[in-house]
Amino acid sequence: STDVVVEDLPNPEVVTEVTGLEKPGEPYNLTCIVTVVDRLIVSPVIEWSKESVIGEENDISVYPMRYKDQLSLEFEVLNTFDAGKYTCDSTVTVTEISVTVSNSSVEVLELQIPVPSVEVTRTQEYDNILAGSNLTIYC
């Protein structure tokens, strides 16, 4: 008989897929897909983290959904506070051989904020307003 000794594992492959428009009010999905060595019995640990636009760590506004070796962030509607740098980390630990390998993928969500339109109307039809006269401006 022949014994095979495994001393190391290749890092998991981590890829992010994006669907949706980077605009407030639009649906948006970030999916992290992790591929590990064939026949590896251990499932990878997959986690999303977020760094806000101003560089602070903060909470992700949606609960991650797991399906096999994928972890998705499914935003029904994007809000301005969802902008930031999202990182998907994956770690595989095989305790029998005391090996841990990891990898990550980064996706930056830069929301396109539309410029609001403003309309100004006035109560009088006159082109010349005299000092002391009343004028109401609506915005």
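**Figure 1. The three-stranded sheet β3-β6-β7.** In this predicted model, three strands form an open sheet in the order β3-β6-β7, with antiparallel pairing. Strands (E, at least two residues) and helices (H or I, at least four residues) are DSSP runs, numbered from the N terminus. Two strands pair if DSSP finds at least two bridges between them. The edges of the sheet are β3 (45-52) and β7 (99-109), each of which pairs on one side only. On average, neighbouring strands of this sheet are turned by 20° against each other, direction ignored. Axes here are lines fitted to C-alpha atoms, for helices over the stretch in contact, and angles run from 0 to 180 degrees between N-to-C directions. Strands β6 and β7 run antiparallel and are joined by eleven bridges. One residue of interest in this sheet is C88, whose bridge partner in β7 is S105.

Residues are numbered from 1 along each chain as its sequence is written. Because the model is predicted, local features need pLDDT of at least 70 and side-chain atom pairs count only at pLDDT 80 or more, while totals for chains, interfaces and linings use all residues; side-chain values use heavy atoms, with hydrogens and water left out.

**Figure 2. The disulfide between C32 and C88.** The structure holds one disulfide, a term that stands for a pair of cysteine sulfur atoms within 2.5 Å. C32 and C88 are the two partners, with an S to S distance of 1.8 Å. C32 belongs to strand β2 (residues 28-35) and C88 to strand β6 (residues 84-94), so the pair ties together parts that are 56 residues apart in sequence. The torsion about the S-S bond of C32 and C88 is about -80°, so the disulfide is left-handed. Both C32 and C88 are buried. Buried means under 20% relative accessible area, exposed over 50%, and partly exposed in between (1.4 Å probe, protein chains only).

**Figure 3. The four-stranded sheet β1-β2-β5-β4.** A second view shows an open sheet of four strands in the order β1-β2-β5-β4, with antiparallel pairing. Its edge strands are β1 (13-20) and β4, and each pairs on one side only. Neighbouring strands of this sheet are turned by 20° against each other on average, direction ignored. Strands β1 and β2 run antiparallel, joined by eight bridges. E13 has T35 as its bridge partner in β2.

**Figure 4. G25 in the loop between β1 and β2.** The loop between β1 and β2 contains G25. With a relative accessible area of 44%, G25 is partly exposed. Apart from neighbours within four places in sequence, G25 is in contact with V77 and L78, where contact means heavy atoms within 4.5 Å. The C-alpha atoms of G25 and F75 are 9.6 Å apart in space, and the two residues are 50 apart in sequence.

**Figure 5. The salt bridge between R66 and D69.** One salt bridge is present in the structure; the term requires a side-chain nitrogen of Lys or Arg within 4 Å of a carboxyl oxygen of Asp or Glu. The side chains of R66 and D69 form this pair, at 3.8 Å from N to O. Side chains of opposite charge can pair when their charged atoms come close. D69 is partly exposed, with a relative accessible area of 25%. R66 is also partly exposed, at 41% relative accessibility.

**Figure 6. Surroundings of R66.** Strand β4 (residues 65-67) includes R66. Not counting residues up to four places away in sequence, R66 touches S43, P44, I46 and L71. R66 and I46 lie 20 residues apart in sequence and 8.8 Å apart in space, C-alpha to C-alpha. The R66 side chain reaches the backbone oxygen of P44 at 3.1 Å. A polar atom of the same R66 side chain lies 2.7 Å from the backbone oxygen of K68. A polar contact is a pair of N or O atoms within 3.5 Å; within protein, one must be able to donate a hydrogen and the other to accept it, and residues adjacent in sequence count only if both atoms are side-chain atoms.

**Figure 7. K68 in the loop between β4 and β5.** K68 is placed in the loop between β4 and β5 (70-75). Although K68 is not a glycine, its phi is positive, at about 55°. Most residues other than glycine have a negative phi. K68 counts as exposed, at 62% relative accessibility.
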